[in-house]
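Please open the structure in your viewer and keep the selection panel at hand. The tour below goes from one selection to the next and says what is to be found at each stop.

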Amino acid sequence: MSDIPHTAIEAIRAAGRRMDSLGWVPATAGNISVRLPGDRVAITRSGFHKGFIPEDGVMAVDLDGRPEDGSLRPSAETGLHCGIYRRFPKAGAALHGHSVPATVLSRLAGNSISLAGYELLKAFPGLPTHEAAIQLPIFDNDQDIRRLQTRVTQAWDAAPDAPPGYLIRGHGLYVWADDMPGAIMRLEALEFMLACELETRRLRP
Ligand SMILES: CSCCC(=O)C(=O)COP(=O)(O)O
Ligand SMILES: [Zn+2]
């Protein structure tokens, strides 16, 4: 029997249902986590459909991604979630999805995508007005998650004011916040702006 708080499990399952309802976690894509007290992380187990996470589809790992129950397999991208929690002490929830806009735009753009002039930018810290911009970093995909996290960490070192999210090329979007409602709000804001960018490029190539 897991000692993960019921509220954490249910927050993760509800986030999965929400992401699925918006078409952002096709097949078994995506992963979801929340920080637990005591340097623990509750995270989705690998390979489940995130729209239908069973009650036992969430497990606990430490901040280095080591499972508390070695018989269970955490998300293949646990290292990226733990990288967020290690770096940002206030981060309480992290979401990863594979939407069409995130996937397509990350293949078209260079090392970042600029989101400017959108009212929804106010969903991000320190941006009280639409007259602002964020540079959303894009990292090349890598099946070696440890190596990918090293590149992400290097980028955070170089740009400490980077927004609480990034794209992985041809793969998807990561976003985090203090808690799950905040992370969902940011994910939806980012996905909305990415969809707008994609539509703008379609209309004005
Ligand atoms: C079929 S999606 C490929 C793996 C992936 O990118 C993902 O987000 C889901 O992996 P997990 O191990 O967390 O289920
Ligand atoms: Zn993924």
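Which residues of α2 are buried? Before selecting them, note that this is a predicted model, in which local features need pLDDT of at least 70 and side-chain atom pairs count only at pLDDT 80 or more, while totals for chains, interfaces and linings use all residues. Residues are numbered from 1 along each chain as its sequence is written, chains are lettered from A and ligands numbered from 1 in the order in which they are written, and side-chain values use heavy atoms, with hydrogens and water left out.

**Helix α2**

Select residues 78–87, which form helix α2; helices here are DSSP runs of H or I with at least four residues, strands are runs of E with at least two, and both are numbered from the N terminus. The buried residues of α2 are Thr-78, Leu-80, His-81, Cys-82, Gly-83, Ile-84 and Tyr-85, where buried means under 20% relative accessible area, exposed over 50%, and partly exposed in between, with a 1.4 Å probe and protein chains only. Because 7 of its 10 residues are buried, α2 is largely enclosed by the rest of the structure.

**Strand β4 and its partners**

Next select residues 93–97, strand β4, in which 5 of 5 residues are buried. Ala-93, Leu-95 and Gly-97 point one way from β4, whereas Ala-94 and His-96 point the other way. In a regular strand the side chains alternate between the two faces of the sheet.

Add residues 31–36, strand β1, which pairs with β4 in the antiparallel sense over 4 bridges; two strands are said to pair if DSSP finds at least two bridges between them. Within this pairing, Asn-31 stands opposite His-96. Then add strand β8, residues 172–177, whose pairing with β4 is also antiparallel and runs over 5 bridges, with Ala-93 standing opposite Ala-177.

**His-96 and the ligand**

Stay on His-96, which lies in strand β4 and counts as buried because its relative accessibility is 0%. An unreviewed UniProt entry places the feature "binding site" at His-96 and His-98; UniProt positions are given in the numbering used here, feature names are shortened, and annotations may be inferred rather than shown by experiment.

Now show ligand 1 together with the 13 residues around it, of which Ser-46, Gly-47, Ser-75, Ala-76 and Glu-77 come nearest; a residue is taken as near if one of its heavy atoms lies within 4 Å. The shell divides into 2 nonpolar, 9 polar and 2 charged residues. For the distances, pick an oxygen atom of ligand 1 and a polar side-chain atom of each partner: the separation is 2.6 Å for Ser-75, 3.3 Å for His-96 and 3.0 Å for His-98. Taken alone, ligand 1 exposes 400 Å², and the protein buries 76% of that.

**Two loop residues with positive phi**

Move to the loop between α1 (6–21) and β1, where Ala-27 is placed. Ala-27 has a positive phi of about 55 degrees although it is not a glycine, and it counts as exposed because its relative accessibility is 58%. Asp-39, in the loop between β1 and β2 (40–44), likewise has a positive phi, near 55 degrees, in a residue other than glycine; Asp-39 is exposed, with a relative accessible area of 52%.

**The annotated span**

Finally, select residues 10–198, for which UniProt, in an unreviewed entry, lists "domain: Class II aldolase/adducin N-terminal". The end C-alpha atoms of this span lie 33 Å apart, and the span is 34% helix and 23% strand.

How values were computed
Polar contact = N/O pair within 3.5 Å; in protein donor to acceptor, adjacent residues only side chain to side chain. Areas by Shrake-Rupley, 256 points an atom, 1.4 Å probe, with all protein chains shown as cover. Nonpolar A, V, L, I, M, F, W, Y, C, P; charged D, E, K, R; others polar.
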